[in-house]
Amino acid sequence: MVDLTQIIGFAAGLGTTFAALPDLIAMLKQRSSVGMNPRMAAITGTFQILWVIYGMLIGSSNIIMWNVIAVVINYLTVGAYVHFRRQEARS
């Protein structure tokens, strides 16, 4: 039987991990950085690295898994922003 604590941790991780995904998808669809600010994604990604370390220290696979995925999404968002911003500067 699954513990309620594990279900809450799973749901919380799922929600917070994919919170930045709409910005990344919007940038990729528009092929533009217009209206995007990478600071939030960069800051969030940086602190999620601390969550990964914390998860390792306490042995929580939920914390580790969700935050590794979130770090990747956040830094892909920053990378997409930089890429499109450079393209726009050349135009």
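Helices H2 and H4 pack at an angle of about 30°, and their axes lie 9 Å apart. Because angles under 35 degrees count as roughly parallel, H2 and H4 are therefore described as roughly parallel to each other, and their crossing is left-handed. The model in which this arrangement is seen is a predicted one, and the values that follow should be read with that in mind.

One pair of residues helps to place these two helices in the fold. Met27 belongs to helix H2, which covers residues 21-30, while Tyr81 lies in helix H4, and although Met27 and Tyr81 are 54 residues apart along the chain, their C-alpha atoms are separated by 7.4 Å. Both of these residues are covered by protein: Met27 has a relative accessible area of 0% and is buried, and Tyr81, with a relative accessible area of 15%, is buried as well, since the term applies to values under 20%. A second distance from Met27 can be set beside the first, for the C-alpha atoms of Met27 and Val52, 25 residues apart along the chain, are separated by 26 Å.

Helix H4, which spans residues 61-90, also packs against helix H3, here at an angle of about 160° and with the two axes 8 Å apart. That angle makes H3 roughly antiparallel to H4, because the cut-off for this description is an angle over 145 degrees. The crossing of H3 and H4 is left-handed, and left-handed is also the description that applies to the crossing of H2 and H4.

From the packing of H3 one can turn to the surface, where a nonpolar patch of about 1000 Å² is formed by Ile43, Phe47, Ile49, Leu50, Trp51, Ile53, Tyr54, Leu57, Ile58 and Tyr75. Which helix supplies the largest share of this nonpolar patch? The largest share, nine residues, comes from helix H3, which runs over residues 39-58. Ile43 may serve as an example of a patch member, as this residue is found in helix H3 and has a relative accessibility of 47%. Ile43 counts as partly exposed at that value, because the term covers the range between the limit for buried residues, under 20%, and that for exposed residues, over 50%.

Taken together, the predicted model shows helix H4 packing with H2 in a roughly parallel manner and with H3 in a roughly antiparallel one, while H3 also provides nine residues of the nonpolar surface patch.

Technical notes. Residues numbered from 1 in each chain as written. Predicted model: local features only at pLDDT ≥ 70, side-chain atom pairs only at ≥ 80, totals over all residues. Heavy atoms only, no water. Patch = residues over 30% accessible without salt bridge, like charges linked within 9 Å, V, L, I, M, F, W, Y side chains within 5 Å. Areas by Shrake-Rupley, 256 points an atom, 1.4 Å probe, with all protein chains shown as cover. Salt bridge = Lys/Arg side-chain N within 4 Å of Asp/Glu carboxyl O. Helix = DSSP H or I, 4+ residues; strand = E, 2+ residues; numbered from the N terminus. Buried < 20%, exposed > 50% of the residue type's maximum accessible area, 1.4 Å probe, protein only. Axes fitted to C-alpha atoms, helices over the stretch in contact; angles between N-to-C directions. Parallel < 35°, antiparallel > 145°, perpendicular 65-115°, else oblique. Left-handed = near helix turned anticlockwise from the far one by under 90°.
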